[in-house]
Amino acid sequence: MKKIVLKRLLESIPVLWAIVTITFFLIRLAPGGPFDREKELDPQIQERIEAHYNLNAPLMEQYTDYMGGLLSGDFGPSFKNASSSVNELIAQSFPVSLELGFYALCVALLIGLTAGIIAALKPNSWQDYTPMTLAMIGICVPNFVLGPILLFIFGINLGWFPVSGWEEAVDKVLPSITLGAMYAAYIARLSRGGMLEVLSNDFIRTARAKGLSETRLILKHALRGGVTPVIAFLGPATAGLLSGSFVVETVFQIPGLGKLFVESAFNRDYTMILGTVILYATLILILNLISDLLLTWIDPRLRNA
Amino acid sequence: MMSLLTVDNLATHFHTRAGIVRAVDGVSYSLEKGQTLGIVGESGSGKSVSCYSLLGLIPMPPGRIESGSAYFDGVDLLNASKDELRKIRGQRISMIFQDPMTALNPYMTIGAQLMEPLLLHRGLSKEAAAKRSIDMLEAVGIQDAEQRMNAHPHQFSGGMRQRVVIAMALITEPEILIADEPTTALDVTIQAQILELIKSLQEKNGMAVILITHDLGVIAGICDSVAVMYAGRLVEQATASSLFHSPRHPYTHALMKSLPSMNTDGKELYSIPGMPPDLTKPIEGCSFSARCEHAIEACRDDIHLHTIMLNHATACIRAQKGEL
Amino acid sequence: MPNTSESTYEVEQGQSLWKDAFRRLKKNKLALFGACFLIFLTGISLITPLIAPYEYDAPDYRLGASGPSAEHWFGTDLIGRDLFTRILYGGRISLMVGFVATAVSLLVGVLYGATAGFLGGRTDSVMMRIVDIMYALPFTIFVIILMVFLGRNIILLFLAIGAVEWLTMARIVRSQILSLKEKEFVEAAISMGLSRFQILTRHLIPNTLGPVIVYTTLTIPNVMLLEAFLSFLGLGVQPPMSSWGLLIHDGADSMLESPWLLIYPSIALSLTLFSLNFLGDGLRDALDPRVAKD
């Protein structure tokens, strides 16, 4: 196990490095960048930047400077926000997004797993068709459609939930559901498929022949195999939740990193963009590693591969 | 004295898109304590399905037990409640399946799977169950049993897995063991070891065994009585010695003829001409008549199993009349 | 049961694989609905300039935003443009992006996957490891960055979106090729005297084609979703062109006063995604008889 972790960590470092480098050079070389002298910057910011980055130095030196700064944990000053550094901005907004993502994941797992497992236990019945059709709807109604619609019905018309903000618990319901809905749908389909596949295996028949109750059969024998596709999906799901947060935070006016990222993309706040990309990439790589580790823990056959 | 198990007119049909497959079409037999009954036949004869039906292991759509009863200790297995069946399965009647590679749960340790029936059915403590499991592993010939308890199935070879499956079935000392081709994956020495183990349990506890196989050699080795199945029906039933001494059904005859050991003159191996019948179509009269070299007009009439000698019954009307 | 009898069966049945699949597909009502709707949609998208009641860019300031009426079936937007027309035109763009970007990902994916599968060995392992790693990356983020910095070019949009989706296609094609290389029925077919060409056409191609078709059908909605997502954020299709994503964005803005501006484009997009997904699912079930549906 430890070997796998080490191997993956070692693999991740060059990947991360590649991402940062590509993004860095993309930004520096793109037309209309801040380092394009035609663009006018707020003089305060201009000062800070010039103080921080030696813009007259050759590109490679700027690069090594930036990387050096990174290694000491410094993402640099924001290009748009005169008073804050990227570190500060991220520190403020990231926890919010983390919370949103966590709730959304919980929603997705809870609803998805339950629906999928029940559907698998009674294939081709209404307990199968109804959740699966709802799941299809969840996949086909994108979160930027679902969000405004939920807002409209429950926030404005019925007034059950507030329209924006992220203070009270009640604020958090609609956004979490909006973000989690699509993943609940995918998880439902994946767990149904996984369970059906496991239940068709011979060893389930052996377990039945041993006189096990259906409950024990499902929980102890079938579940582990059935959940495997869901765990494998966690990696891409995280990536999706991240990008989904851009929309959801925008629609519900939540002060999270996603909204900030989109704004900084538009505002061409380069350091902010770079910082966010690095953070996101790291997060996803870590979560993929966790997902893979979980897979090997569940399926002993993968352990020595 | 009442038999341990009395199966009467069991019929199991599968309702598929291609038609109703009459996999088992009216099979009756009885099993005594300590007796070993061999059920022999080619693939598709219904021998496995008939036994799976006893424990309710047939997938119920598309399968359906159309008729029959199977009395075990006063309970009709075919009409028992789910709870009753569950208490019997694994504890009083155990089953060994054909394919050892897929019969074990790849996600659980061998030990966990072995201890499960003990913890559930016998209420043993974990330590007692573990000890018993280790003993059982040793009895089936697995070395280093204690370490092996924590291993997973994929770490074992096919032969070892089959031995674990057998251990798992025998661990609760059931009254009936149903074994579906239990020794195909094993080499001859292990085969002998396993059959010895089963025999010793029979002597100790009076365990009855139903052995499903296509291998007449195995039958000859350990079975007391034999039932020959063809196309879902019983065509001959006798004690093993009586069957081998004087088979009284053309199909049994043909089976014996096709044994490699019977064809020692170097000529082509005998194989039964023709194909097994389509089980979706109702069969008129004797199911074997289409391929039988002794068939006559009367073979198309209703056929029943009749006792023609002591402990020997056949469904062939010509044999019943003494013509064969 | 020895594999040769299986493969004899397969060789004989090879050609009726499609007929069989088609029969199964016909039974799936949802998939049929999806297929019909798509044909209908593609049809009207092609002839949109002929049938649109208004110019997609013709404002009518007197009307402003008005609800559905006899003249304007879906109502009008803030500057009086007919929504029905805009949805028709937006659909053309959305569908075009869907098809073209899918074609890009198909091309890249098939080439990459076939190469990896065909070459096998270490090359294959390395190529697949790259895919594994890329799978984990937040491509959407990269696309966003690309779109911001390299301009809002529609061709770039095709390429960027296509670049996101090719990974799974590569995996599918590669695993198909790998398994086909090993399949005993190829040997059996050779031993039965089929020429290489016959094997190629009757077995290898039908066997790869199936999953590729299924996955292509399922990629189109993902691509359309990505485009709509980008357009919603303002990074995709740019005005004066319109796509459903853009229309939904505008609709969400004026959701309170003119809900129809949000509802109709949303329905159009969702219905299309539904159809594609149901069709794709249906194709998958039809082509893979082992999938336990009934």
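1. A useful place to begin is a single pair of residues in chain B, where B:A238 stands opposite B:H312, a residue of strand β12(B). The model in which this pair is seen is a predicted one, and the points that follow should be read with that in mind.

2. The pair leads to the two strands around it, since strand β10 of chain B, residues 233-239, and strand β12 of chain B, residues 312-314, are joined by 3 bridges and run antiparallel. As background for a new reader, the strands of a sheet pair through hydrogen bonds of the backbone, and this pairing may be parallel or antiparallel.

3. Both strands belong to an open sheet of 8 strands in chain B, whose order is β6-β7-β8-β3-β9-β10-β12-β11 and whose pairing is mixed. The edges of this sheet are formed by β6 (93-96) and β11 (306-309) of chain B, each of which pairs on one side only. From one strand to the next, the twist averages 20°.

4. A helix also belongs in this picture, for α7 of chain B, residues 158-170, packs on the sheet and touches β6 and β7 (176-180) of chain B. The direction of helix α7(B) makes about 175° with that of β6(B).

5. Chain A should be described in other terms, as it has 11 helices and 0 strands, so that a student following its elements from the N terminus on will read α at each step. Of the 305 residues in chain A, 44% count as buried. Among the contacts in chain A with a separation of 6 or more, 74% are accounted for by residues 24 or more positions apart.

6. How many residues does each chain bring to the contact between chain A and chain B? Chain A gives 19 residues and chain B gives 22 residues. On the side of chain A that touches chain B, α8 (202-209) and α9 (214-251) of chain A each supply at least two residues, and the largest share, 7 residues, comes from α8(A). By class, the residues on this side of chain A divide into 6 nonpolar, 6 polar and 7 charged.

7. The contact between chain C and chain A takes 31 residues from chain C and 35 residues from chain A. Helices α6 (121-135), α7 (139-150), α10 (196-233), α11 (244-253) and α12 (260-287) of chain C each supply at least two residues of the side of chain C that touches chain A. That side of chain C has 26 nonpolar, 4 polar and 1 charged residues.

Key: Residues numbered from 1 in each chain as written. Chains lettered and ligands numbered in written order. Predicted model: local features only at pLDDT ≥ 70, side-chain atom pairs only at ≥ 80, totals over all residues. Contact = placed C-beta atoms within 7 Å. Helix = DSSP H or I, 4+ residues; strand = E, 2+ residues; numbered from the N terminus. Nonpolar A, V, L, I, M, F, W, Y, C, P; charged D, E, K, R; others polar. Buried ≥ 20, exposed ≤ 12 C-beta atoms within 10 Å, placed from the backbone. Pairing = 2+ DSSP bridges. Axes fitted to C-alpha atoms, helices over the stretch in contact; angles between N-to-C directions.
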